[in-house]
Amino acid sequence: MTSHNNNTTRFSNRVDDYVKYRPGYPAAMLRFLQENYNLDSTKIIADIGSGTGISSAYFLEAGYQVMGVEPNPEMREKSVELLQHFPLFKAVDGTAETTTLNSDSVDVIISGQAFHWFDVVKAKEEFKRILRPDSLLILFWNERLQSSDFEKEYDALIVKHAIDYVKVDHRRIDWDSIETFYTPHQVELKEFPNYQVFDFEGLKGRLLSSSYMPQKGDKGYDAMVADLKQLYDKYQQHDSITINYATKIYIGKLT
């Protein structure tokens, strides 16, 4: 099993690609939360596993106060750099299991693309400690679809060249696992369409932003890039390719 320390540091040398090429989140997701869960901008949010600040920025731009809890120093420092113009953002050196936040200090916990890294037993106790009574926990992922021939072959390329894709693939988080984390029968799943359009360099950057792919200088890197170029040339239209996602969002409470 991958150690917690390795999970914390595995993105350290991928920060720039992560910032440039990871997808954001659709506007419809926030509208849904505001309209159906009374998520007004007075709520104080803790973003657990905030990384470079992609999910934090999504809420900061809508006027929320966000504390980004992130154990990886390179990613946390990048979030400070990118979000310094938001006075309501604070970066915190902490983990899902030990956030260092005060008890009963936040109205909402969010976690984008990160829940699969947590020690769920310890994280649940920590979340219950920092959340105010009757508060929300919101988990979300951009899950790549395989709705086209390109997307199916792209996923096969990842499986072929990845170092530990099966071990860390977030799609191993299933409904039963998620529901168990929440208060029983108090979680809702909602999906929203999302997508990215890339030229070849963008597609390569998106691939390299994943922690399980070889990097330049690693064994297998050149073969991976060659396969990616062949795949891009096969399916590109007007020098671009589209990756489609389902943004899956789980909303519920902990008691």
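Let's start inside this predicted model, at helix α10, where F200, G202, L203, K204, G205, R206, L207 and L208 are buried. That makes eight of the nine residues of the helix, which spans residues 200–208, so α10 is largely enclosed by the rest of the structure. If you look for what does the enclosing, the cover over these buried residues includes the helices α2 (15–21), α7 (149–161) and α11 (221–235), along with the strands β6 (187–198) and β7 (241–252). At the start of α10 there is also a polar detail to zoom in on: a side-chain oxygen of D199 comes to within 3.3 Å of the backbone nitrogen of E201.

Now pick one of those covering elements, α7, and see how it sits against α10. Two packed helices are described by the angle between their axes and the distance between the axes. Here the angle is about 45°, and the axes of α7 and α10 are 12 Å apart. The angles counted as oblique include those between 35 and 65 degrees, and α7 and α10 are therefore oblique to each other. Their crossing is right-handed. On the α7 side, the contact is made by F150, Y154, L157 and I158, while α10 contributes L203, R206 and L207. Sorted by class, this contact has six nonpolar residues, one charged residue and no polar ones.

Finally, turn to α2, another part of the cover over α10. Helix α2 holds V19, which is partly exposed, with a relative accessible area of 30%. Leaving aside residues up to four places away in sequence, V19 touches T52, K78 and L82. V19 and L82 lie 63 residues apart along the chain, and their C-alpha atoms are separated by 9.4 Å.

How values were computed:
Residues are numbered from 1 along each chain as its sequence is written. This is a predicted model: local features need pLDDT of at least 70, side-chain atom pairs count only at pLDDT 80 or more; totals for chains, interfaces and linings use all residues. Side-chain values use heavy atoms; hydrogens and water are left out. Buried means under 20% relative accessible area, exposed over 50%, partly exposed in between (1.4 Å probe, protein chains only). Helices (H or I, at least four residues) and strands (E, at least two) are DSSP runs, numbered from the N terminus. Contact means heavy atoms within 4.5 Å. A polar contact is a pair of N or O atoms within 3.5 Å; within protein, one must be able to donate a hydrogen and the other to accept it, and residues adjacent in sequence count only if both atoms are side-chain atoms. Axes are lines fitted to C-alpha atoms, for helices over the stretch in contact, and angles run from 0 to 180 degrees between N-to-C directions. Angles under 35 degrees count as roughly parallel, over 145 as roughly antiparallel, 65 to 115 as roughly perpendicular and the rest as oblique. A crossing is left-handed if the near helix is turned anticlockwise from the far one by less than a right angle, and right-handed if clockwise. Ala, Val, Leu, Ile, Met, Phe, Trp, Tyr, Cys and Pro count as nonpolar, Asp, Glu, Lys and Arg as charged, and the others, Gly among them, as polar.
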